[in-house]
Amino acid sequence: MPISFGVYDFDPSSGELRREGRPVRLQPQPARMLAALLAQPGEIVPREALQQAIWGRDTHVDFERGLNFCAAQIRGALRDSASSPRFIETIPRRGYRFIAPVTAFASGRHSEHRSSAWGDLFSSGRSLWAAAALLVIAIAAVALVARGPAASLPRIAVVPFDNETGSPEFDRIAKGVSDATIVRLTTAERLPRFGVIGNAATLRFTFVPRDLRAMGERLGAQYIVLGQLKRDERGFRIIAHLIRVSDQTHLWAQAFDRGTLDLDSQSAIAEAIAQAVSQRLGRG
């Protein structure tokens, strides 16, 4: 059931976002967060609830950075601002709130409400179908987010990529690519499913080869994805690696050269890494 706000329409069941009828790119994890927020407009959605909605119980990632990443992606897609929000408001240390007026469409009709009056749809008795519409929205949001990996699937630990540029200012880029790789491995519909272990569980390990076996055994991972960020006068180079824990064999490695590493470039590299890992493990 599409939901309209401002010049945007969003379908929680598919994660499709449109601006004045034109598709707007939004990755699956941010789409799940947007669906969860739209299921409770005007209400503070706690960070813990969003973590569960986006990742479920079987994925272990750096949730704080992951939520910030998703919120930034949504704001970018909606041309919103964290400092002067029109759609997504950050509630420090608590969660996020969708603050714009929302219109839900059902069966050719629609009900409009302001976020401050969301509860009135139920208490006023004005419209039974409006209550049903909200229920369908919530169910669609749950269906969109409930995709936790099965325990029998291969478990991959994604290590925060190592910034080897010598400039701490590029730490966020190195971590951004690893975060985006986690996003692609955990949410891409057309890729096979894996059990993905993200940054939260791996941050305490160093990234030298002698630690890989211990990391895999500690986390219960059969494979590890790690990477390096390098920089020279021509631009940036990211070298990604796939390691089999049992014998620490390099199964795959590839370099990605870019003049700049904006969010689109980071997402494209993460997509390529996820595709390569999938194919190399024989599940693509």
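**Close-up 1. Ser4 stands opposite Asp9 in β2.** This view of the predicted model shows the first strands of the chain. Strand β1 covers residues 3-5 and strand β2 covers residues 8-11. The two run antiparallel and are joined by three bridges. Two residues lie between the strands of this hairpin. Gly6 belongs to the hairpin and has a positive phi near 55 degrees.

**Close-up 2. Strand β2 also pairs with β3.** Strand β3 spans residues 16-19 and runs antiparallel to β2. Four bridges connect β2 and β3. Asp11 has Glu16 of β3 as its bridge partner. The β2-β3 hairpin has four residues between its strands. Gly15 sits in the turn, with a positive phi of about 75 degrees.

**Close-up 3. Arg19 and Glu20 form a salt bridge.** The closest N and O atoms of Arg19 and Glu20 are 3.7 Å apart. How accessible is Arg19? Arg19 counts as partly exposed, at 24% relative accessibility. Glu20 is exposed, and its relative accessible area is 60%. Across the model, the count of salt bridges comes to eight.

**Close-up 4. A salt bridge joins the side chains of Arg25 and Asp264.** The N to O distance is 3.8 Å. Arg25 lies in the loop between β4 (22-24) and α1, whereas Asp264 lies in helix α9 (residues 263-280). The pair therefore ties together parts that are 239 residues apart in sequence. Arg25 is exposed, with 57% relative accessible area.

**Close-up 5. Asp257 and Arg237 form a salt bridge between two strands.** Their closest N and O atoms are 2.6 Å apart. Asp257 belongs to strand β15 (residues 249-258) and Arg237 to strand β14 (residues 235-244). The pair ties together parts that are 20 residues apart in sequence. Is Asp257 buried or partly exposed? Asp257 is partly exposed, with a relative accessible area of 43%. Arg237 is also partly exposed. Its relative accessible area is 36%.

**Close-up 6. Strands β5, β7 and β6 form an open antiparallel sheet.** The strand order is β5-β7-β6. Which strands lie at the edges? These are β5 (44-46) and β6 (88-91), each pairing on one side only. From one strand to the next, the twist averages 30 degrees. Four bridges join β6 to β7, which covers residues 95-98. The pairing of β6 with β7 is antiparallel. Ile88 stands opposite Phe98 in β7.

**Close-up 7. Helices α1 and α2 meet the three-stranded sheet.** Helix α1 (residues 28-38) lies across β5, β6 and β7. Its direction runs at about 65 degrees to β7. Helix α2 (residues 47-55) packs on the sheet and touches β5 and β7. The directions of α2 and β5 make an angle of about 70 degrees.

**Close-up 8. Helix α2 has buried residues along one face.** Which residues of α2 are buried? They are Arg47, Leu50, Gln51, Ala53, Ile54 and Trp55. Seen down the axis of α2, these buried residues fall within an arc of 170 degrees, so they line one face of the helix. Gly56 comes just after α2 and takes a positive phi of about 75 degrees.

**Close-up 9. Helix α8 has a buried side and an exposed face turned away from it.** Helix α8 covers residues 212-219. Its buried residues are Leu212, Met215, Gly216 and Leu219. Down the axis of α8, they fall within an arc of 95 degrees, so they line one face of the helix. Glu217 and Arg218 are exposed on the face turned away from the buried side. Just after the helix, Gly220 has a positive phi of about 70 degrees.

**Overview. The protein has nine helices and 15 strands.** The protein has 284 residues, and 52% of them count as buried. About 13400 Å² is exposed, with carbon and sulfur atoms supplying 50% of this area. Among contacts with a separation of 6 or more, 58% come from residues 24 or more positions apart.

Conventions:
Residues numbered from 1 in each chain as written. Predicted model: local features only at pLDDT ≥ 70, side-chain atom pairs only at ≥ 80, totals over all residues. Heavy atoms only, no water. Pairing = 2+ DSSP bridges. Axes fitted to C-alpha atoms, helices over the stretch in contact; angles between N-to-C directions. Contact = heavy atoms within 4.5 Å. Salt bridge = Lys/Arg side-chain N within 4 Å of Asp/Glu carboxyl O. Buried < 20%, exposed > 50% of the residue type's maximum accessible area, 1.4 Å probe, protein only. Areas by Shrake-Rupley, 256 points an atom, 1.4 Å probe, with all protein chains shown as cover. Arc of directions from axis to C-beta.
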